[in-house]
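Visitor: I should like a close look at one position in this protein and at what surrounds it. Please then proceed from there to the rest of the fold.

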Amino acid sequence: MLPTVCVSSPGSWALRELDCHHDGKQTSWKCGFVRTIIQHPCLRHDPKGPGKARMLKKIQICLCFFFVSGILYEISLLSGCFFSYMPMSKHFLTPEQVLNLGKSIIFLETTERLEPPPLVSCSVESAARIYQDRPIILFMKGLTNNTALDLNSSYAAFSLLSSMKNVFIFPLQMETVFQGTPLLQWYNQVVPEQEKNWIHVSSDASRLALIWKYGGIYMDTDVISIRPIPEESFLAAQKSQFSSNGIFGFPAHHKFIWDCMENFVLKYNGNIWGNQGPFLMTRMLKAICNLTDFKGTEDHSCQNISFLNPQRFYPIPYPAWGRYYKVWDKSPNFNHSYALHLWNFMNHNRKAVVAGSNTLAEKLYKAYCPTTYEDLIQNAELRDFTRTENAA
């Protein structure tokens, strides 16, 4: 909130407090400021003539212009209210400032790579389009404060995502993320080089800490958003009586997430894939809820936590993940889904979206991340073809 500012000099502007509030369950933020003109009082007779009065008035107007310009610039940095600033202004915001706005959509990249592949770019772009009034944050472990400003010109996907007005890309500093949580002691004791599944385990831990501290929705970087999720506290069922941790959402400081962090440390076994991820979420949910099978497309609810039907995010189950990269006679409409998980972990042969292939994945890219599709797929293939032709 900006404080109320009053300028009492004659003929100047008065700027009232920035009004930024949330209308119940509505997703749009209403922001604005009110300006009022203070009436100019009668000037006393000045023996030096009207020239001096006119000069003072001009000085007042100039000072007020610079003052209001400064205030407007500060307002433009408040991305929780609106995202109408130029992308460069985002470099002045810290992760805490953006996360504290609330309702962030959080993505994690726990490898050292600095060039997000097309599927990562598509996931972030689709979220930015579906949740236009919410901050979309991509944390990258390979990114440092020193490299942050150089990547716009070096990597196509990084530049593409950085240009989106509600997308923020920050370094992932795990020790900072784990501060104030049960995970810090574990992190200080674990030896990453000796961990079999460190990339996945560190991601499992980071997403819990970030959602507990700041609230919002966590999504894997192979999740394509297709419509807003209406729930605030939810887990995503991968199948009946089994929860994923690839997408979930909670308000800040929710007890369930704190309990998950404690169990993460208590039952830690990094050698078992998923023990700190989907198996953790499932055993914690079963501890407080009597889980039953899904009969249709209904969701389940327990202790104010929604356990969302597999159709919401996993309409194509993981054994059939390759169907995303096949041509369908009739493409599914996914009417019961909020987002689609493309099971990139299963994609060992690195199936990719190819322009003109008419696969289901290509159609999803065109519909939900068109900029990624055009810039990273169509244009890249055109550039490769041009280089080949020139070489011949």
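Guide: Thr 372 lies in helix α11, which comprises residues 370–391; helices are DSSP runs of H or I with at least four residues, strands are runs of E with at least two, and both are numbered from the N terminus. The model is a predicted one, in which local features need pLDDT of at least 70 and side-chain atom pairs count only at pLDDT 80 or more, while totals for chains, interfaces and linings use all residues. Residues are numbered from 1 along each chain as its sequence is written, and side-chain values use heavy atoms, with hydrogens and water left out.

Thr 372 has a relative accessibility of 0% and therefore counts as buried; this class means under 20% relative accessible area, exposed means over 50%, and partly exposed lies in between, with a 1.4 Å probe and protein chains only. With its neighbours within four places in sequence set aside, Thr 372 is in contact with Pro 118, Ser 121, Cys 122, Glu 125, Leu 160, Tyr 365 and Ile 377, where contact means heavy atoms within 4.5 Å.

One of these partners, Tyr 365, leads to the interior of the protein. The largest nonpolar core has 52 residues, and Tyr 365 is among those with the most contacts inside it, together with Ile 136, Met 219, Ile 229, Ile 247, Phe 313 and Tyr 324. Such a core is a set of buried Ala, Val, Leu, Ile, Met, Phe, Trp, Tyr and Cys residues joined through side-chain atoms within 4.5 Å. Helix α3 (residues 118–130) supplies the largest share of this core, namely five residues. Another core, of 46 residues, lies apart from it and includes Val 177, Leu 184, Val 201 and Trp 212.

Within the 52-residue core, Phe 313 may be taken in more detail. Beyond residues up to four places away in sequence, Phe 313 touches Ile 229, Phe 234, Ala 236, Ile 247, Leu 308, Tyr 338, Ala 339, Leu 340 and His 341.

Aromatic packing can be followed at Trp 186, which is placed in helix α6 (residues 183–189). Trp 186 has a relative accessible area of 6% and is therefore buried. Excluding residues up to four places away in sequence, Trp 186 touches Phe 178, Trp 198, Val 201, Ala 205, Phe 264, Val 265 and Tyr 268. Of these partners, Val 265 is 79 residues away along the chain, yet the two C-alpha atoms are separated by 6.4 Å.

A search of the whole structure finds 21 aromatic pairs. The ring centres of Phe 178 and Trp 186 are 5.9 Å apart with their planes at 70°, so this pair is edge-to-face. Rings of Phe, Tyr and Trp (its six-membered ring) pair if their centres lie within 6.5 Å, and planes under 30 degrees apart count as stacked, over 60 as edge-to-face and the rest as tilted. Phe 178, at 0% relative accessibility, likewise counts as buried. Ring pairs join Phe 178 and Trp 186 with Tyr 187, Trp 198, Phe 264 and Tyr 268 in a cluster.

Helix α9 (residues 278–288) has Pro 278, Leu 280, Met 281, Thr 282, Met 284 and Leu 285 as its buried residues. These residues pack against α7 (198–214), β10 (234–239), β11 (242–250), α8 (255–266) and β13 (305–308).

The loops offer further points of interest. Asn 347, in the loop between β14 (339–341) and α10 (360–368), has 2% relative accessibility and so counts as buried. Its side chain reaches the backbone nitrogen of Arg 350 at 3.1 Å. Apart from neighbours within four places in sequence, Asn 347 is in contact with Trp 321 and Tyr 325. Asn 358 is found in the loop between β14 and α10 and has a positive phi of about 65° although it is not a glycine; at 39% relative accessibility, Asn 358 counts as partly exposed. Gln 303, in the loop between β12 (300–302) and β13, has a phi near 50°, a positive value in a residue other than glycine. Gln 303 counts as exposed, at 54% relative accessibility.

For the protein as a whole, there are eleven helices and 14 strands, and 46% of the 392 residues count as buried. Among contacts between residues at least 6 apart in sequence, 71% join residues at least 24 apart.

Notes:
A polar contact is a pair of N or O atoms within 3.5 Å; within protein, one must be able to donate a hydrogen and the other to accept it, and residues adjacent in sequence count only if both atoms are side-chain atoms.
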